[in-house]
Amino acid sequence: MSLSEYARDHAVHLAVALAFLLYPPVNGALLASPLADETTAFLPGITFMIVVLYLGLFAMSFDFISGYTGYLSFGHAAFYGTGAYFVALAANGQIPGVPGGTPFMITLLLGAVLAGGVALVIGSVSFRLTGVYFAMITLGFAQVIYELIRSWGYVSSNPTEGTTIGGDGLAIGVPYVDALSLKVGRLTGDSIQNLLGLGIDVSATVVSYYALGAVVLVSYFAMQRILHSPFGRVMVAIRENEERARAVGYSTYWFKMAAFAISGFFGAIAGGIFAAYSRSVSPDNSYFFLVTADALITTIIGGFGTLAGPLYGTAFHQWLEDVLSTESGGLATYLREGLPEAVLGADLFGVSLELFVNTAVDGRAPLYLGIVFVLFVLFVPNGILGTVRDRLDGAVGKRLPERLRRYRR
Amino acid sequence: MSLLELDDVHTYYGESHILQGLDLSVEDGEIVALVGRNGVGKTTTLRTALGLTPPRRGTVRFKGEDVTGTEPHTIADSGMGWVPEDRRVFAHLTVAENLRVAAHAAVDPDARLDEAYDLFPALERFADKEAGDLSGGQQQMLAIARGMLGDNDLLLVDEPSEGLAPQIVSDVVEALRAASADTTMVLVEQNFRLAMDLADRFYLVDHGVVVEEGDTAGVTSDDERIRRYLTA
C-alpha cells in the first residue's frame, strides 16, 4: 500500500494526532493573546492533557478487554499499579536482576510483560466465571494486591504512601541513545531551547506531553491492529455469543486469556508512563479500585467497545476537572476575578454570588461528573464515539470521508 | 459405524432432568429430523451432542469416537457444526467476518467464502454490513452458511423456520436442501410437514426419550401414533 493510500485510510487518525500535536502551541498562542484569561479558565492546561494521555491509555486498555470481549475487568488497576510500581522500583534499583540505571523503555516493557503474566494468573481463575462474578473476582484480586502493596516494607519505609523515584528523569525514546531520548517529568524532564534552530523553546512539561503522547499513539495503534485482526474478530464473537464461538471451534478460554494478557500489558504501559512522569507512586493512585472506576466512567462516557472512545471520555473528564478546579485557572477563579464587586456581592436566595461560586463551582468536578455520567447512561448509552458511529453507520475513519464527499458534490 | 450415536444419555440443567435415557443414531449422508412438542429436549439433544451441555450419564460417539465430556470447540473442530435457534449471528461483526470466523479451520478460507456466496448470493451483496442489520431470513441464511463453512461432516440445525415468513421459509428449505448435498444433518423442527419433507428419517421425542422413529416417507401428522405426542 502506498503512503498516500495509507494516509487516506487513516485520515481521522491523523487529524486526531495532529490536534493533540498542535494543542500546546495553540494553547500557548492563546495564552499570549487577549483571550488569555478565557484560555486559562476554559481550556485544559498541558499538565491536565498529560493526565489525559496516561489515564486515556489506561481506559483504552480497560476497554480492550471489557468492551470487546464483554468481560468487565473491575480489577484492572492491578495492571496499572504493576506497571507503575515496577518502573518506580526499577528506577530505584530495587528490582533483583534489573540493575539501577537500566533505560526506562526497557523497564517499562519488562513491567508490562510482568503485568501480562499477572493477567494470566488472575485470568486462569477468573475466566472460569462469567458476567458479574468475573467482575467481582477480578476486583477481589486487585484489592488483595492493593492491601499487600500497602504494607510491603520493601517498597519504602512508609509503604502506605508508596515510593518516589530518585535520581534523573526517566527517558522515553531509543534506549542507550541520548540524542534520541527525552527525559520526562515535571521538574526532571528535558526542555528544548531553540528547537531545530527555529527559535522555539519547548518547556519540560510540553516535552513530557509529546514523549508520553508518542507512547500512547504507538500503544493505541498496536491495540487497534490487534482488534482488527482475525484474533480481534474472535474477541467480538465471544462478546456477542460465547457459546456460539465455541461451537464454531474456538477455545474461547485461551482467546480470553490472551486478550486479558494484552490488555494487562497496555494497562501497565499506562501505569509506567504515569510513574515516570509523576515520579511517585502510591497504592491509592495506582492499585486502588477507584482507579479502575475512573477508567470505567470515562469508557462509558467515551463509548464502550470503541477503543478510541475512552481517550475522549478521559479528555472530557479532565477538562471538567480542570475547569471546575482552581489548580490552573478554572471557572471559579475566572468568575471571581472577572466579575465586578457589586455582582459578586449580589444576593442570591440569601447567599452572595461569590459564596455560591465558592461552594458550587470550585473543586466540585466529581459532583458534576457524576451528574454527567448519569445523563450519559440514561441518554447516550453508547457514549460519545459509539453514538457518532451509530449516526455515521460505521467507524468514523471509514464513513466520515464518504459523508464529506457527499457534501462536496 | 454411525456418524453420530447417542447411547442412553441423561442430561440435566441444574436439577431438572431433561434427557432421560435418549438413544439416537445418525448414518452418514442422511437427514434426520427430531420432532416433538416444546420443551421435550430436542434442542438439549443437539447441545448434548456438541458438548455444550454434556450428559451426566450415557455416551456420545462421533465418528466412532467417544466424545462424552469433550470440550465443544474440540468436537466442533472434528467436524460438527451448529446452526443454533434464533440464528444467533455475531450481530456486530459484518457478514464477511461472521463467515471468516467460521471458516478458520479451512485450508483456503477465501475459496470457502466464495462457495458460500454462490449458494447464498444475498450474503455477498451484504458482505460488509453488520449481521445484526440483516432481516431474519438473511440471518438464517448466514447462520446456515456459517454452519457449512467449517468443513463439517455433521450439521446440527435448530429450528430453521422459527419466526420466519412462509415465503422466506421456502428459501431456507432450499438452502438446507442444497447444504444437505454436502453434509449429514440433524434437524430440529416444529413445523412437522416441513420436517417430514426434508428428512429421510425422524425421531419423535417426548419427555426426554425417543418414543417413535422411522422413515419419513408417507408419514403425516394425522398418523395416530404421532398425533398423540404432537397435540397439546
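Two strands pair if DSSP finds at least two bridges between them; helices (H or I, at least four residues) and strands (E, at least two) are DSSP runs, numbered from the N terminus. The model is predicted: local features need pLDDT of at least 70, side-chain atom pairs count only at pLDDT 80 or more, and totals for chains, interfaces and linings use all residues. Residues are numbered from 1 along each chain as its sequence is written, while chains are lettered from A and ligands numbered from 1 in the order in which they are written.

**Exercise 1. Describe how strand S7 of chain B is joined to strand S8 of chain B, and place both in their sheet.**

Step 1. S7 (residues 154–158) and S8 (residues 184–188) of chain B run parallel and are joined by five bridges. In one of the pairs, B:Asp158 has B:Val188 in S8(B) as its bridge partner.

Step 2. The sheet is open, has six strands with mixed pairing, and follows the order S6-S7-S8-S3-S9-S10 in chain B. Its edges are strand S6 (80–83) and strand S10 (209–215) of chain B, each pairing on one side only. From one strand to the next the twist averages 15° (axes are lines fitted to C-alpha atoms, for helices over the stretch in contact, and angles run from 0 to 180 degrees between N-to-C directions).

Step 3. Helix H1 (residues 42–50) of chain B lies across S3 (31–35), S6, S7, S8 and S9 (201–206) of that chain, at about 150° to S7(B).

**Exercise 2. Find how many residues of chain B are in contact with chain A, and characterise them.**

Step 1. Contact requires C-beta atoms, placed from the backbone, within 7 Å. On this basis 21 residues of chain B are in contact with 15 residues of chain A.

Step 2. Helix H2 (72–77) and helix H3 (95–102) of chain B each supply at least two residues of the side that touches chain A.

Step 3. That side of chain B comprises twelve nonpolar, four polar and five charged residues (Ala, Val, Leu, Ile, Met, Phe, Trp, Tyr, Cys and Pro count as nonpolar, Asp, Glu, Lys and Arg as charged, and the others, Gly among them, as polar).

**Exercise 3. Compare the radius of gyration of chain B with that of a compact globule.**

Step 1. The radius is taken over C-alpha atoms, and the globule rule is 2.2 Å times the number of residues to the power 0.38.

Step 2. For 232 residues a compact globule would have a radius near 17 Å; chain B has 17 Å, which agrees.

Step 3. The C-alpha trace of chain B spans about 45 × 40 × 35 Å along its principal axes.

Notes
Contact = placed C-beta atoms within 7 Å.
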